[in-house]
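Thank you for coming; please have the sequence and the structure open while I talk. I will go through the charged pairs, the backbone and a few single residues, and I will say what each term means when it comes up.

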Amino acid sequence: MKDAETVTFGRGGIDRAAEQRPEAATLAQTAQQIILLWRGKPMLIGDALVRVAADHAVLRDANPNLILLGRDAGALVFAADLSGWTPDDLDDAALNTFLDPSEQRHPALPETHVFAELRAVMTRLSRADAELAATARAIFGWHRSHRFCAACGQESRFAMGGWQRNCDACGTHHFPRTDPVVIMLITHGNSVLLGRSPGWPEGMYSLLAGFVEPGETLEAAVRREVLEESGITVGPVEYLSSQPWPFPSSLMFGCRGTALDTKITIDPAEIEDARWVTREEMADVFAGQHPEILPARKGAIAHFLLENWLADRLD
């Protein structure tokens, strides 16, 4: 695919500035560009990330450990986590919906500055802002779930600008994890295979997907996941595109595969439904005119792959 890296969160062009990580704690004290996240939601003003300096009052409610994200247009950019702050009007019910529609405002910043669900705003952001927000969300999530050393069980500490955790008890170093996931555009003639998971909003279908297991190639994972979920046997498989997906820490490998049969037998423990959708039906889906299927979410690699398949741009 000629435009394989145009998927959301891809090709943001951020210089990770890894050589600055050993001194990140010192550099953060005078940082002029710090983005803000609350429970994984970046703060925006309009369609751009809010950036504040290290002396801004809002950082009084932030965790003191700032992540060094890299350089954007020559300037170092850090991220601060305000998840410990509790808004006065917090709506817990909204936070637990499939796609959180709520917005939070901090009293130290204008009303126009809001924390918003990244999946809801990802297509509005510039490529650089999208990469920064996705990276920060993934790294903060890793720190929350990996506080304790896997070798000895003692609490580890934040290090290297957020890109490492060190255990002082046994000397083990821990590094951010990324979980490989295959997502598959499985076709047979003029049709593509779609499925839906239990609990998804009514009408929501997407491409089948699943985690790559240890000792498994991407191609083998594609064939295994499709067979397990739908009973379909897949022949040739090829890689198309990838997408960092920080919900919480995946790297999506978009692949295409050719089905060798069409009889669907779903595993109800894996998915709720699966169906073949013709190219003509998919055109109706993208136009919002299909009576039963909603289009995949814009910004997700499923939408990207289906859109390119529909336009015959996969080669």
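Arg177 and Asp179 form a salt bridge, in which the closest N and O atoms are 2.5 Å apart; a salt bridge here is a side-chain nitrogen of Lys or Arg within 4 Å of a carboxyl oxygen of Asp or Glu. Before I go on, please keep in mind that this is a predicted model, in which local features need pLDDT of at least 70 and side-chain atom pairs count only at pLDDT 80 or more, while totals for chains, interfaces and linings use all residues. Residues are numbered from 1 along each chain as its sequence is written, and side-chain values use heavy atoms, with hydrogens and water left out.

Are the two partners of this pair buried or exposed, or in between? Arg177 is partly exposed, because its relative accessible area is 46%, whereas Asp179 counts as buried because its value is 15%. For these words, buried means under 20% relative accessible area, exposed means over 50%, and partly exposed is in between, with a 1.4 Å probe and protein chains only.

How many salt bridges are there by this rule? The count comes to 22. One pair joins Glu131 to Arg16, with the closest N and O atoms 3.5 Å apart. Glu131 lies in helix H4, residues 127-145, and Arg16 in the segment before helix H1 (24-28), so this pair ties together parts that are 115 residues apart in sequence. Helices and strands, I should add, are DSSP runs numbered from the N terminus, a helix being H or I with at least four residues and a strand being E with at least two. With 9% relative accessibility Glu131 counts as buried, while Arg16, at 33%, is partly exposed.

Another pair is Asp72 with Arg51, whose side chains meet in a salt bridge at 3.0 Å, N to O. This pair links distant parts of the chain, since Asp72 is in strand S5 (residues 67-72) and Arg51 in strand S4 (residues 51-52), 21 residues apart. Asp72 is buried, at 19% relative accessibility, and Arg51 is partly exposed, at 27%. There is also a network of salt bridges, which links Glu213, Glu216, Arg224, Glu225 and Glu228.

Let us stay with charge for a moment. Which residues gather in a patch of negative charge on the surface? They are Asp88, Asp89, Asp91 and Asp92. A patch is made of residues with over 30% relative accessible area and no salt bridge, where like charges are joined within 9 Å and nonpolar side chains (Val, Leu, Ile, Met, Phe, Trp, Tyr) within 5 Å. Asp88 sits in the loop between strand S6 (75-81) and helix H2 (92-95), and with a relative accessibility of 86% Asp88 counts as exposed.

Now to the backbone. Most residues other than glycine have a negative phi, and most peptide bonds are trans. Against that background, Phe9, although not a glycine, has a positive phi of about 75°. Phe9 is found in the segment before H1 and is buried, with a relative accessible area of 5%. Arg39, also not a glycine, has a positive phi of about 50°; Arg39 lies in the loop between strand S1 (34-38) and strand S2 (41-45), and at 38% counts as partly exposed. As for the peptide bonds, the one from Phe247 to Pro248 is cis, with omega near 10°, and Pro248 belongs to the loop between strand S14 (234-245) and S15.

On the other side of S15, in the loop between strand S15 (250-259) and strand S16 (273-278), we find Ile266. Ile266 is partly exposed, at 29% relative accessibility. What does Ile266 touch, if we do not count residues up to four places away in sequence? The contacts, meaning heavy atoms within 4.5 Å, are with Glu229, Ser230, Ile271, Glu272, Asp273 and Ala274. Ile266 and Leu227 are 39 residues apart in sequence, and their C-alpha atoms are 8.9 Å apart in space.

My last residue is Asn65, in the loop between S4 and S5, which is partly exposed at 33% relative accessibility. Leaving aside residues up to four places away in sequence, Asn65 touches Ala79, Phe140 and Phe158. Thank you for listening.

Terms used: Accessible areas come from the Shrake-Rupley method with a 1.4 Å probe; for residues, only the protein chains shown count as cover. Lys and Arg count as positive and Asp and Glu as negative; His and the chain ends are not counted. The place of a charge is taken as NZ of Lys, CZ of Arg, CG of Asp or CD of Glu.
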